[in-house]
Every structure is written in structure tokens, then in C-alpha cells.
Amino acid sequence: MKRVLIVGAGKGGSALLNLLLETERMEIAAVIDIDENAKGLKLATISGIPVGSDWKAWLKRDIDIVIEATGNERVLKDIVSERPRKTVVIPGSVAYIISELLNEKESLLKELQHQTNRQELLLNHIHDGMIVIDERERIQFINKSAERILHKTRKQFQGRNITELVETTRLPHVLQTQRKEVNQKLVLENRKKVVSTRIPIINEIGELVGAFAVFKDITEVVKLAEENTDLNEIKTMLEAIIRSSDEAISVVDENGNGLMINPAYTRITGLKEKDVIGFPATVDISEGESMHMKVLQTRRAVRGVRMKVGPSEKEVIVNVAPVIVHGVIKGSVGVLHDVTEIQSLTKELKRARQIIRNLEARYTFDDIIGSSSEMKLALEQARVGAKTPATVLLRGESGTGKELFAHAIHNESDRKHNKFIRVNCAAIVESLLESELFGYEDGAFTGAKRGGKKGLFEEANHGSIFLDEVGELSLNMQAKLLRVLQEHEIVRVGASKPISIDVRIITATNVNLEKAIMNHTFREDLYYRLNKLPIFIPSVKERRSDLPELIQHIIPKINMDYGRNVRAISDEALDNLMNYDWPGNVRELENVISRAMIFMDMNEEVITKKYIPELRSHAIGPPDSFSKLKEENSLQHAMEEFERDYIYNIYEQNNFNKTKTAKTLNISIRNLYYKMEKYHID
């Protein structure tokens, strides 16, 4: 590396300094000038080069070249005379010429840069993307549109190989073949679709110096074309769906003229396309106003409107909705439902629900609320019992939840996927109870169904049967039930051949069976068969600590029934309920909470004491006399008191047998249950 000493830091010296700073083969040892403010000295200082005013001292420091840039003949002669023999001296005139040439070069470079900037500005403003590469496949230029289309930046890829920017590029192929490619499709890595033209760059002497590609993003154009195709397909599909639908559909335009109907519409109304298409929407109405026209006027949908349509005046329910595109109404669509068909389906649905209710267990142990020690014991016994095939006897007062336990036991057992049949032994007349439980043969009695009928025990085969109010069975029926428990078989009414069955029997009663045995109204041998796994369900009075949980469980259920939004009960109201005996148990509690929520305002969320009805404990037992009635009681109250006491007396005279009590009072068993629940008689 040559060491250079520049003497003179004026215009020429500064130009030479700039030139030498850009080369790696020259080391500038120092810059010398007697003028401390010379431009070259400042530049040298900034560049970290030593400066001074005495050039003679530097000649002794291994200087290879001295550039005399002062233009002073005397200085040049002194340097030549003082220099070592190996040091080369370049006169100032040469330095001046070099300076001029450098200035001219700088001007030319600026002009070239200006032109390049103008070209780059122009290329950056075209919508198409452009990429330029050299003969070695290195990227020289990427315009703004190319950056946008490729989702890449120029700074990242300038000077790098084109394949790093676009893996699927064909620009290298264009370099090899030196042949252009016009309007070629290409899918980029970012899934954009482009059309590209690629052209080789050849200079004026025929040398290949690079290639460039110009490409246009056609993703949106292709998408629009595909959407247009899809719209036609969707239209065809919608027409096919409308025509194949079992719902009667009619479509009208913005003026209310018919556009389309389907075969289901013709089937209901009796009108064909020739009668409707192109005609006003009122053409099919025989009674009522056109909902199509109403919807077109109001721009609002209508639902559940009854009217009569067609020549046969078919009664239908109509739902019509507007078709609005970008805020402009384009027509409306109507759906007609045959009222007679709806009524038929409703009946079928009710029947299906009834069947499901009869064949399914709906509750599990999770639905039984209570954390008191009494309830925990009952639940633990029930869970243990569910895992065994043993007969379960659920005992407890009316309204304690015996049926819930029966459901839960079935759902917890290995029979949960089979039928669960419920039978209220007190609700079926004794003359029909045997045929309902055991079934009957063809011709077994007058009015018997042809071919006979399965009994409920057969229906429940491999499943469970829940016999509620088992204490109300007559002695004759008790004997037949005992045979089922002992032999695991039943005999249909009118048949002689027994039928084997595999049924889990769950029973429930609120009758004191031990007292009934003493009164000879319940068989002792049946009692021992049923009492293998007795579960005593505590009354609400015995588990008052569960009241808050029970109430919080009841509130959401009543919210759903009455459309309320109640969240909780106040402490004052809860204290009031905690001090009540609850002779009607959970059933009475639900009744009280339900009545309270009915009288609350729609926006109230907490049950307060003022909504709790007056709770009056009823003494269960025979009345002493009517003297207990207070003077302020109304006539209605006095009559209810008398009715309650009279029913209780008859109930006691019949050894607390509900069926006999109903017969004595000459009322239905259902009516008796209602009155006993009303007056809390148990």
C-alpha cells in the first residue's frame, strides 16, 4: 500500500483527497497547508487523517508519493529537491487537471442519478409490478407495485438471487434462452395469480446484460369471474332447492308480481305457474290481505298470519320476508303452512312426548338438591341400591321427591338404556289396573283390543317399573304383585300361560305400611318383599338447611316458565320461609316461590318478603270444633276449613286409603289428590 502526502488543501487538494479516500490501494499519510482554514484540512480532520503546515518533516516518514496541490512553482521545486530518491512527486498542474476531471465526473454522476431517479419514480408509479436482474440473476431493481403484489420489500432482496424472491420465476430461463415470454400465467407463493411478460436486456453491441419482468395481479379479476360463475350455479341450486322443498314457497318481485312457485305451493293452493307467474300477489288469496304487498310496503317481515288461499279456500299460516340487496328492496319470499297438517303434526308430537315421558327416566342424582346429613344419607342409600337388582321401597311424605329418586336410581343402574315405566297405582281404577299392569289376551273381556295387549310389566322388560302409591293397592292386586316378585313372571288377563320377565321394581308410598299391616290392609309377606332396601326421604321440615339450595334450584326453572329474570331471594324472605313447617314439602315450596314470582314486577330480580304469600301451618288431625275459626275469617275461609276437616275425617275412617276415601266422597281420585294437596292432608 502506497503512502501519500498531499501538500495543499485547497480546491485541487480537496478533490484529490476525496478521490484517494475511495481507493484501498493508497494510504493518506497527512494533508499539509499553511492556511489552517483550508477546506481539505477540515475534511482530513473529519476522516481521521493527520494535518500540518510543515511538509519537510513528513518527507522523512516513508512517503511514497507527494502530491503538490498548491500550484506554487517554488513549493514544487523545494519538494523535488528535498524528497528522498524513492519518493515520487506529482506536480500541481496534474492535480488541477485531476480535480477538474473529478468535478466533471461528479456532475455527470449527479445528472445520471437524476435521470435514474426520474425513471425509478416513473416505474414506481405504474400499476404493474417490475423486476430487473443482471446477467448473474441478481436483483437490480424492484418497483413499488412489485413489492405490493409480492408482499416483499426492495431492501430485503436488492442484490440477491431472483429465486430467493420468487421461487417459481422463469427469468433465469429467459437469460439462458435470450427469448422473451409474453402474458404467461404464474401463481405466487402468497397464492396471488399474475400474468407476466419477461424480456431479456441486450446492449447496443449485442451483449446480454440482464432481463426484466413486468407482471399484473389478476387475482381479483379471476375471483370476480369465479363469483359470476358461482352466482349462476347458486341461482340454479336455489331454484332446485325451492322446487324440491316440502314447504310451499312463493316469490314475487319488487312490484308484487309472481316470479316463482314450487310444486308444494301448487299442492296446497291448487294454483299452477300459469295462474301465478307474472300476476299480482293477490291472485292466490281467497280471504285476507296480501302479505307480499304489505312486506314490500313496510320492508318488514311478517309471521304467523292466517288466511285462506286458492279456489278450495285452504286455510294456511303465512310467513313472508323481504329480499333487500344493498338497501334496495328486490322482492319478497313467502312460505305457506297448511293449518290442518300443522294440527295433525301437533297431535302426533303430543303423543310422542307422552310416550317419551312414559318410557324415559328424565332425572339423575344431579337433579336432586340437598346437602343436609339426612338427604346425603338418602342419596347414598339410593346410589348403593341403584347398583344392585334389589327391589327398592321409597318412603316419605307427599312432595318429598320420591319420583325423582326413582328416576335417578334407574339412570344410575345398568338398565338405564332400557325403558322406565311409571305407574300411579292410586290413579288407575282397580278394575283396569290388572289389565294395565299385566296385559290381556284377545277376547279376555268386552271391549278388549283385538289381538290382546301387552301390560306395563312386559313393556318394562329388561328395564325398570316404578310403582307409586303402592300402599293403595287392593289385597287382590297385592297378591298378584307378590307373584311377580317371587316368580319373575306375569299372567295376562284371560291367559293361563305365564310370561317370564326381567324387570327392576321400584316402589314408593307415603302410607304407614306397618300400621296398614296391623289394620289388615297390606299383606305382611309383600311388605317383606318390598322392604329389602327401604330409603327414607326426609321432609323439608327435617332438612330446613337445604332450603336456600332448593330455592336457588327452583328459581331458574320458574324463570323459564314465566319469562322472568329473578336471580335470588332476600335474607328477610328466606328467614320467613325457614320458620315454616312445609307440610306440602318441595311441591309446596315450588308453589310458594312460583306465586311470589308471578306477582313480582318484570324488571325485579330479587324475591322480597312482601311477595311471599301468608304461610299458615295446618294441624294434621281431627278438628276439635269450629270454635277454632276466628271471627275475622270470611265465609269462603270457613267453607274451606269445613271441607278440609270433613275430608280428613272420611280419610281416617277409611284407614287412610285414598281410593276408598274418593269412593266414599263420590269424587274422582284425581279430585281427591287435588284437594288433599290443597289442604296439605297427608
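In this predicted model, a polar atom of the Asp-134 side chain lies 2.9 Å from the backbone nitrogen of Arg-136. The Asp-134 side chain also makes a polar contact of 3.0 Å with the side chain of Gln-140. Asp-134 itself sits in strand S6, which covers residues 129-134. With a relative accessibility of 7%, Asp-134 counts as buried, because the cut-off for that class is under 20%. Once neighbours within four places in sequence are set aside, the residues in contact with Asp-134 are Gln-140, Leu-175, Val-209 and Gly-210.

A second acidic residue, Glu-181, invites a similar look. Glu-181 is placed in strand S8, residues 181-187, and its relative accessibility of 11% makes it buried as well. Which side chains make polar contacts with that of Glu-181? One is Arg-170, at 2.6 Å, and another is Arg-198, also at 2.6 Å. Beyond four places in sequence, Glu-181 touches both of these arginines together with His-173, Val-174, Ser-196 and Thr-197.

The strand that holds Glu-181 leads into a run of antiparallel pairings. S8 is joined to strand S9 (residues 193-202) by 5 bridges, and within this pair Leu-186 has Val-194 as its bridge partner. The two strands form a hairpin with 5 residues between them, and Arg-191 in the turn has a positive phi of about 70°. On from there, 9 bridges join S9 to strand S10 (residues 208-217), again antiparallel. Val-194 reappears here, with Asp-217 as its bridge partner in S10. S9 and S10 likewise form a hairpin with 5 residues between them, and in this turn Gly-206 has a positive phi of about 85°.

It is worth turning next to helix H4, which spans residues 73-82 and has Val-75, Leu-76 and Ile-79 as its buried residues. Viewed down the axis of H4, these buried residues fall within an arc of 100°, so they line one face of the helix. The general geometry of helices is helpful here: an α-helix has 3.6 residues a turn, so residues three or four places apart point the same way. What covers the buried residues of H4? The cover includes strand S1 (2-7), strand S4 (65-68) and strand S5 (88-90). On the other side of H4, the exposed residues are Glu-73, Arg-74, Lys-77 and Ser-81. At the start of the helix, a side-chain oxygen of Asn-72 comes within 2.9 Å of the backbone nitrogen of Arg-74.

Definitions and conventions. Residues are numbered from 1 along each chain as its sequence is written. This is a predicted model: local features need pLDDT of at least 70, side-chain atom pairs count only at pLDDT 80 or more; totals for chains, interfaces and linings use all residues. Side-chain values use heavy atoms; hydrogens and water are left out. Helices (H or I, at least four residues) and strands (E, at least two) are DSSP runs, numbered from the N terminus. Buried means under 20% relative accessible area, exposed over 50%, partly exposed in between (1.4 Å probe, protein chains only). A polar contact is a pair of N or O atoms within 3.5 Å; within protein, one must be able to donate a hydrogen and the other to accept it, and residues adjacent in sequence count only if both atoms are side-chain atoms. Contact means heavy atoms within 4.5 Å. The arc is that of the directions from the helix axis to the C-beta atoms. Two strands pair if DSSP finds at least two bridges between them.
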